[in-house]
Amino acid sequence: MATMESLIGLVNRIQRACTALGDYGGGDNAFSSLWDALPTVAVVGGQSSGKSSVLESIVGRDFLPRGSGIVTRRPLVLQLQRTEDGQQDYAEFGHLPRRRFTDFAMVRKEIQDETDRITGKTKQISPVPIHLSIYSPYVVNLTLIDLPGLTKVAVEGQPESVVEDIENMVRSYVEKPNCIILAISPANQDIATSDAIKLAREVDAAGERTFGVLTKLDLMDKGTNALDVLEGRSYRLQQPWVGIVNRSQADINKNVDMIAARRKEREYFATSPDYGHLASKMGSEYLARLLSKHLESVIKARIPSITSLINKSIEELESEMDLLGRPIAVDAGAQLYTILELCRAFDKIFKEHLDGGRPGGDQIYGVFDNKLPAALKKLPFDRHLSIQNVRKVVSEADGYQPHLIAPEQGYRRLIEGALNYFRGPAEASADAVHFVLKELVRRSIAECQELKRFPSLQSTIAGAANEALERFRENGKKTVIRLVDMESSYLTVDFFRRLPQEVEKAGNVAGANAAATTNVDRYAEGHFRRIGSNVSSYVNMVSETLKNTIPKAVVYCQVREAKLSLLNHFYTQIGKKEGKQLSELLDEDPALMEKRQQCAKRLELYKKARDEIDSVSWAR
Ligand code: GDP
Ligand code: MG
């Protein structure tokens, strides 16, 4: 049965999952971080304030790298797990899951090596944490994050920016409201100048989540003590101050072990004339218990909001995954199926544009209702049927023998010539509708959500659709030209039969004088005008007919075909493609693929976290 002790273990496991999936506090994550929602204890302090010593004392083992300069260059997430009495203590790293370290000198070496692995030997710093779990009967359940020491100057080989980089990294941890700050200050230095307190005051002005730790009490000048600090008079915190006496450098050099050091520390407080009355609330063992208890209660209080954050995030991520599209199948059959599905999704949108529901189809009607009639109206029939031209055409048709009655040949030539003009608007209608359809293809592809992730398939579908439209256009043009040619090939006989017959008046033949000449001219003018106006009415009649039949032909050949068989040709081709060609078509936009992977990773993390929380049965 899970007890309160498993709470810290629970958070440990979630933290490990976070790091494995790239979510760690202080990292510059674009997402809201689960890590940030978890309570943690971060150790902060200036260089040589005693951070490492405090951690080792809490663990009861020497395991931290030592040296001058900035030794801690990556955050160290130190997870302490209490085991049964009498068990051998051992350590495990997050990056070496199956290796148990029982030799703590090797732990120290591995921390050094693993630090260099990310930062290089250049002594750079990195926000990617190292995870170290220590299982021991001498520890309490507790997770601490050791951070690089705050420093004033860069040492040789380090860039000047390192001072600021460290401060920024440390701040990115301690500014999170869920971070418990373990602020380490040496007692042999004025508390007012403590780096740790300076930073803690900045991010936690009320002192609600700051634990003040005072090290090096034994190094204070004779005759002075730290009671003003330890009793909260120098700098007030909601939590009690804890005084510590770690091993001195001389102790370390003499290999005084941790157990002996803890005993010496207990004796120091028990026998101290200054701190004797505080003895039960001083020392590293007390500090560890205090932190453990506090961390547990904070976690307990946070669990409901963590759970709801996790559930909310899972919901958000699931719907983002739906939006991004699920991963693609690998076998050819499933890929072909996916491609056909995507084509159908596009085709459905395209049809909606034509049939209504989506805008655009109305532009086709606009071609028939507006453009075509306007183009027909603009045809230069006035010029073609001007008296001069009628005269010219009729005379040419007559040859040396002018016609005696209605000029059959002249009419035919005039009409033929006029009908030729209809070719232009007829073809233009086919073109105009073609461009509308092309634009609708473009829009449908852009609007097809499912296609978004497949740029290659997008352009292939666009290419196939446009190719088909081009064929439909050719056919549409041929058909409308045929309509015009049909009008030329057989004239409506009735139309001419119904025309009032011209009464042939020869005029006064006997009076062959000047007056007679003008008479003949007047006769000829009226004659040609009548011919012109007859042809004009005929052409108008044809124009009315074409105004109706051209749209029918264009719709039949282009719009209807686009609706019925836009991708048919493509479908027969794609059926013959090999697996490799298919997967090329499903080649995704790399940015999108990356985004989906990120999303999937985070989803995995949150689900894992939810399972972890579900697996703990709460004993309250
Ligand atoms: P860090 O840089 O903050 O990690 O500091 P360390 O833990 O490495 O300590 C720096 C030096 O101070 C080491 O030589 C320690 O032995 C010494 N030191 C730390 N705490 C104490 C203490 O409480 N008393 C004494 N005498 N020396 C201490
Ligand atoms: Mg240190």
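The legends below describe close-up views of a predicted model.

**View 1. The two assigned domains of the chain.** The domain assignment divides the chain into domain 1, residues 40–219 + 226–324, and domain 2, residues 333–588. Taken over C-alpha atoms, the centres of domain 1 and domain 2 are 84 Å apart.

**View 2. Thr-40 in strand S1.** Strand S1 covers residues 40–45 and includes Thr-40. Thr-40 has a relative accessibility of 5% and counts as buried, because the cut-off for burial is under 20%. Leaving aside residues up to four places away in sequence, Thr-40 touches Gln-15, Trp-35, Ile-145, Asn-178, Cys-179, Ile-180 and Leu-295.

**View 3. Ser-48 in the loop between S1 and H3.** Ser-48 belongs to the loop that joins S1 and H3. Its phi is positive, about 65°, although Ser-48 is not a glycine. With a relative accessibility of 59%, Ser-48 counts as exposed, since the cut-off for exposure is over 50%.

**View 4. Helix H3 and the residue that follows.** Helix H3 spans residues 51–59, and eight of its nine residues are buried, so the helix is largely enclosed by the rest of the structure. The buried residues of H3 are Lys-51, Ser-53, Val-54, Leu-55, Glu-56, Ser-57, Ile-58 and Val-59. Gly-60, just after H3, has a positive phi of about 85°.

**View 5. The crossing of H3 with H10.** Helix H10 is formed by residues 284–324, and its axis comes within 9 Å of the axis of H3. The two axes cross at roughly 80°, and H3 and H10 are therefore roughly perpendicular to each other. On the H3 side, Val-54, Ser-57 and Ile-58 take part in the contact; on the H10 side, Ser-284, Leu-287 and Ala-288 do. Sorted by class, the residues of this contact are four nonpolar and two polar, with no charged residues. Val-54, Ser-57 and Ile-58 also appear among the buried residues of H3.

**View 6. Ile-125 in the loop between H4 and S5.** Ile-125 lies in the loop that runs from helix H4 (104–119) to strand S5 (130–136). The relative accessible area of Ile-125 is 17%, and the residue is buried because this value falls under the 20% cut-off. Apart from residues up to four places away in sequence, Ile-125 touches Arg-73, Thr-119, Val-162, Asp-165, Ile-166 and Met-169. Arg-302 is 177 residues away from Ile-125 in sequence, and the C-alpha atoms of the two are 31 Å apart.

**View 7. Asn-255 in the loop between H8 and H9.** Helix H8 (249–253) and helix H9 (258–271) are joined by the loop that holds Asn-255. Asn-255 is not a glycine, yet its phi is positive at about 55°. The relative accessibility of Asn-255 is 68%, so this residue counts as exposed.

**View 8. The crossing of H14 with H15.** The axis of helix H14 (residues 387–398) comes within 8 Å of that of helix H15 (residues 408–420), and the angle between them is roughly 125°. H14 and H15 are therefore oblique to each other. The crossing of H14 past H15 is right-handed. Val-390, Val-393, Val-394, Glu-396 and Ala-397 make the contact from H14, while Gln-409, Gly-410, Arg-413 and Leu-414 make it from H15. Five residues of the contact of H14 with H15 are nonpolar, two are polar and two are charged.

**View 9. The crossing of H16 with H17.** Helix H16 (residues 423–447) and helix H17 (residues 455–489) have axes that come within 9 Å and cross at roughly 160°. This angle makes H16 roughly antiparallel to H17. H16 passes H17 in a right-handed crossing. The contact of H16 with H17 comprises 13 nonpolar, four polar and eight charged residues.

**View 10. Val-441 in helix H16.** Val-441 is part of helix H16. At 1% relative accessibility, the residue counts as buried. Residues touching Val-441, not counting those up to four places away in sequence, are Phe-346, Phe-350, Ala-462, Ala-465, Asn-466, Leu-469 and Leu-566. Glu-167 is 274 residues from Val-441 along the chain, with 56 Å between their C-alpha atoms.

Definitions and conventions
Residues are numbered from 1 along each chain as its sequence is written. Chains are lettered from A and ligands numbered from 1 in the order in which they are written. This is a predicted model: local features need pLDDT of at least 70, side-chain atom pairs count only at pLDDT 80 or more; totals for chains, interfaces and linings use all residues. Side-chain values use heavy atoms; hydrogens and water are left out. Helices (H or I, at least four residues) and strands (E, at least two) are DSSP runs, numbered from the N terminus. Buried means under 20% relative accessible area, exposed over 50%, partly exposed in between (1.4 Å probe, protein chains only). Contact means heavy atoms within 4.5 Å. Axes are lines fitted to C-alpha atoms, for helices over the stretch in contact, and angles run from 0 to 180 degrees between N-to-C directions. Angles under 35 degrees count as roughly parallel, over 145 as roughly antiparallel, 65 to 115 as roughly perpendicular and the rest as oblique. A crossing is left-handed if the near helix is turned anticlockwise from the far one by less than a right angle, and right-handed if clockwise. Ala, Val, Leu, Ile, Met, Phe, Trp, Tyr, Cys and Pro count as nonpolar, Asp, Glu, Lys and Arg as charged, and the others, Gly among them, as polar. Domain bounds come from an automatic or database domain assignment.
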